[in-house]
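I opened this model to look up its cysteines, its helix packing and a few backbone details. My entries follow in the order in which I looked.

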Amino acid sequence: ALDAADDYSINKGSRKRLLKAVDRKLAWIDANRLPVYAPAPWDRLPVIMHPLESGTDFSPSFDEAWEAPPLLPLKAVTLLKRIKKSRWALAGGGMPGFPLVYDLTYITFYLMARMKRRPAEHESCALIKEFYHASFDKKALLFRQYRLKGANVFRTETVTLSSMIPCLLFPKGEFQKHCREAVERHCLPGKTFWRGDLPSFNPESRSQKSPLLWRGSCSWMNMNYLVMKLLLAHGFMREAGLLFQCLWEYLDACGPREYYDAFTKRGGGAEVFSWNGLMLAMEKELEG
């Protein structure tokens with residue numbers, strides 16, 4: 001949304017309304033999704049209360065918090081009733097009696113929005129640095145996801161492409177070197193998350209073992225958009241162009257499907273899905 005608002009070809013009135021909406025969302029998160037009872041810096045980082053809030057549905061990275069399928073989707077249903085009582089908020093409710101998750105993509109978008117909308121807010125800069133130190137695994141060269149149970153924070157061992165998304169926060173500066181190395185190790189062709197024709201949300205060792213969404217070899221256009229941004233942000237221009245070319249080949253072969261199989265040229269889910277329009281944004285970024 002913020003990228004779109006920076007495109008001055010859109011109507012100025014629409015831009016103003018869009019930015020106001022972003023500010024309202026940030027204010028709501030600050031008021032309702034920061035577990036102030038958690039140890040620093042986790043007390044200033046937002047949590048999700050339900051797996052479907054992540055946009056990655058029943059990702060295997062949630063198994064350690066909410067258990068693996070078939071229990072995960074079943075628990076997600078019963079969890080809705082418990083969350084409803086708190087009005088989907090932590091404000092004034094104390095510690096909930098169920099786990100919370102520091103979803104890496106959710107945190108990345110939150111921190112990027114804070115920096116973009118509040119560039120003079122020095123606390124945002126400090127928080128991003130604290131987040132890096134708390135969650136970046138220098139040995140594995142990726143970010144670790146954490147979960148919160150009561151006031152205790154636990155590291156999640158399962159790795160997905162979400163572990164790479166926070167590298168978008170560090171296109172320059174003191175942490176850029178490690179983040180570039182992380183993208184090089186895990187996001188280039190033939191590496192952890194790109195062993196097929198397209199990047200996959202899961203490593204190959206897990207990708208082809210499950211037919212379930214977000215647990216198998218699905219490659220989503222919004223996910224690939226973030227992969228391209230990672231490649232461009234850290235100087236892998238040739239690989240970004242290759243990804244764009246591969247995505248067009250899939251679109252030509254399968255049509256604008258909800259997702260694609262990363263290893264075979266097949267599409268799945270809805271036959272017409274709007275976020276394939278991100279190809280236009282990718283084209284613009286490559287040209288820029």
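**Cysteines.** Before searching I fixed the cut-off: a disulfide is a pair of cysteine sulfur atoms within 2.5 Å. The model is a predicted one, and my search of the whole structure returned zero disulfides. I then asked why Cys125 forms no bond, and found that its sulfur is 16 Å from the closest cysteine sulfur, the one in Cys179, which is too far for a bond. Cys125 is partly exposed, with a relative accessible area of 31%. For Cys179, the nearest cysteine sulfur is that of Cys167, at 3.9 Å, and Cys179 is in no disulfide either. Because a disulfide is defined here by sulfur atoms within 2.5 Å, I left that pair unbonded in my notes. I also checked whether Cys179 is buried or exposed; at 0% relative accessible area, Cys179 is buried.

**Helix 7.** Cys179 led me to helix 7, residues 176–186, where I listed the buried residues as Gln176, Cys179, Ala182, Val183 and His186. Looking down the axis of helix 7, I saw that these buried residues fall within an arc of 120°, so they line one face of the helix. This fits the general rule that an α-helix has 3.6 residues a turn, so residues three or four places apart point the same way. Which elements do the buried residues of helix 7 pack against? I noted helix 6 (122–135), strand 2 (136–137), strand 3 (142–143) and helix 9 (221–233). Glu181 is also in helix 7, but Glu181 is partly exposed, with a relative accessible area of 27%. Between the C-alpha atoms of Glu181 and Cys167 I noted 10.0 Å in space, for a separation of 14 residues in sequence.

**Helices 9 and 10.** I followed helix 9 to its packing with helix 10 (residues 237–254), where the axes are 8 Å apart and the angle is about 160°. That angle makes helix 9 roughly antiparallel to helix 10, and I recorded the crossing of the two as left-handed. On the helix 9 side the contact is made by Met221, Asn224, Val227, Met228, Leu231 and Leu232, while helix 10 contributes Met237, Glu239, Ala240, Leu243, Phe244, Leu247 and Leu251.

**Lys265.** I next looked up Lys265, which lies in the loop between strand 7 (259–261) and strand 8 (267–268) and is partly exposed at 41% relative accessible area. Leaving aside residues up to four places away in sequence, I found that Lys265 touches Glu249, Tyr250, Ala253 and Cys254. Lys265 and Cys254 are 11 residues apart along the chain, and their C-alpha atoms are separated by 7.3 Å.

**Backbone details.** I kept in mind that most residues other than glycine have a negative phi, and most peptide bonds are trans. Ala40 and Pro41 are joined by a cis peptide bond with omega about 0°, and Pro41 lies in the loop between helix 2 (12–32) and helix 3 (63–66). The bond from Pro69 to Pro70 is cis as well, with omega near 5°, and I placed Pro70 in the loop between helix 3 and helix 4 (71–85). Asp57 has a positive phi, near 45°; Asp57 sits in the loop between helix 2 and helix 3 and is partly exposed at 26%. Arg87 has a positive phi near 60°, lies in the loop between helix 4 and strand 1 (100–102), and is exposed at 74%.

Key: Residues numbered from 1 in each chain as written. Predicted model: local features only at pLDDT ≥ 70, side-chain atom pairs only at ≥ 80, totals over all residues. Heavy atoms only, no water. Buried < 20%, exposed > 50% of the residue type's maximum accessible area, 1.4 Å probe, protein only. Helix = DSSP H or I, 4+ residues; strand = E, 2+ residues; numbered from the N terminus. Arc of directions from axis to C-beta. Contact = heavy atoms within 4.5 Å. Axes fitted to C-alpha atoms, helices over the stretch in contact; angles between N-to-C directions. Parallel < 35°, antiparallel > 145°, perpendicular 65-115°, else oblique. Left-handed = near helix turned anticlockwise from the far one by under 90°.
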